[in-house]
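Visitor: I'm new here. Could you show me around this one?
Guide: Sure, take a look.
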Amino acid sequence: MIVSLKEGADPAAVLRALSARGLWVSQVERTAGGGPLHYVIAPHSAAANPVELAAIEGISGVTTSRSPFPLVEKQGPVVEVAGVKIAACAARPVLMCGPCSVESEAHIRAIAARLAPLGVQFLRGGAYKPRTSPYAFQGHGEPALRWMRDAADAHGMKVVTEALGEADVEMVAAHADLVQVGSRNMHNYALLKAIGRTGRPALLKRGMAATIDEWLQAGEYLLAGGAAAVIFCERGIRSFDDSTRNLLDVGAVALLAHVHHVPVIVDPSHGAGRRDLVLPLGRAALAAGAAGLMIESHDDPARALSDGPQAIPLGELGSLLLDLGGGVS
Ligand code: PEP
Ligand code: MN
């Protein structure tokens, strides 16, 4: 947005009026020949009504520039996935829980049977796993998608699972209610387009070094490609400090929920990498405006095939969800 000043206006007074409304000027331009000033409003300023701004003393006009993510903005703060409402700043969080990886048919079925009575709406679990080492467990692939779908259906749950590569997209979309884009793939535009073409809703994890603008534009790729909806997922970014696995960016959650008005799910499991921080980070995420939480959980974390240290034991999950203001007793 660009605010143009009247000839002879007091620039300091206009700046004060703008900052009083939470609007910050990122650039000052002057019309050639020494004419009036133009203030470029920083993109992460508060939302403002251009008509109200144009009425401020000293302002001659306001030009709204086209957003780089118009479809994300148009989608708004509330989406529905398979009948489940996912809304920014939710009074009750949507819950997506399950193991890091789908380990076997019996295992995922037993986990779903324990999650459903806790009020967990989405069963999570990876059939295709993005592992740092090529020698680590890579997921059971297509059979795991079927096991997960059957387990979720048996207990009235929805499925969220990752499509790791373009070749898996059709298969994942056929089994999932919500197709997850992993952190390592947020910048994979060919994959985003392929997921968009399926018309399924997508859960877009933030790239571990992605700016918020890049993340929002990746969401735009999904919607422009045909995705029914996009839900953003903050899962922590890389930092200089390795005390926690990642740095959960609660500020980004607040910005997306309160300024961009989009639904954000927060994944404190990958954010912290340790189960003892899942509750406090989950609380922080919800206070910042999250729509819900993705929490890795396992019946026996010490034997998990991946991400055991961050998994909440199933026996402890019910009370943790209640502490977070979700779930059912
Ligand atoms: C996951 O959800 O299991 C996962 C691999 O997450 P991320 O892409 O955030 O690392
Ligand atoms: Mn994991």
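Guide: What follows is a short chat about a core and a ligand.
Guide: This is a predicted model, where local features need pLDDT of at least 70, side-chain atom pairs count only at pLDDT 80 or more, and totals for chains, interfaces and linings use all residues. Residues are numbered from 1 along each chain as its sequence is written, chains are lettered from A and ligands numbered from 1 in written order, and side-chain values use heavy atoms, leaving out hydrogens and water.
Visitor: What makes a set of residues a nonpolar core?
Guide: The members are buried Ala, Val, Leu, Ile, Met, Phe, Trp, Tyr and Cys residues joined through side-chain atoms within 4.5 Å, where buried means under 20% relative accessible area with a 1.4 Å probe, counting protein chains only. The largest such core here has 68 residues, and Ile295 is among those with the most contacts inside it.
Visitor: Why is Arg235 said to make a polar contact with ligand 1?
Guide: A polar contact is a pair of N or O atoms within 3.5 Å. A polar side-chain atom of Arg235 lies 2.6 Å from an oxygen atom of ligand 1, so the pair qualifies. For Lys205 the distance to a ligand 1 oxygen is 2.9 Å, and for Gln180 3.0 Å, so these pairs count too.

Technical notes
Buried < 20%, exposed > 50% of the residue type's maximum accessible area, 1.4 Å probe, protein only. Polar contact = N/O pair within 3.5 Å; in protein donor to acceptor, adjacent residues only side chain to side chain.
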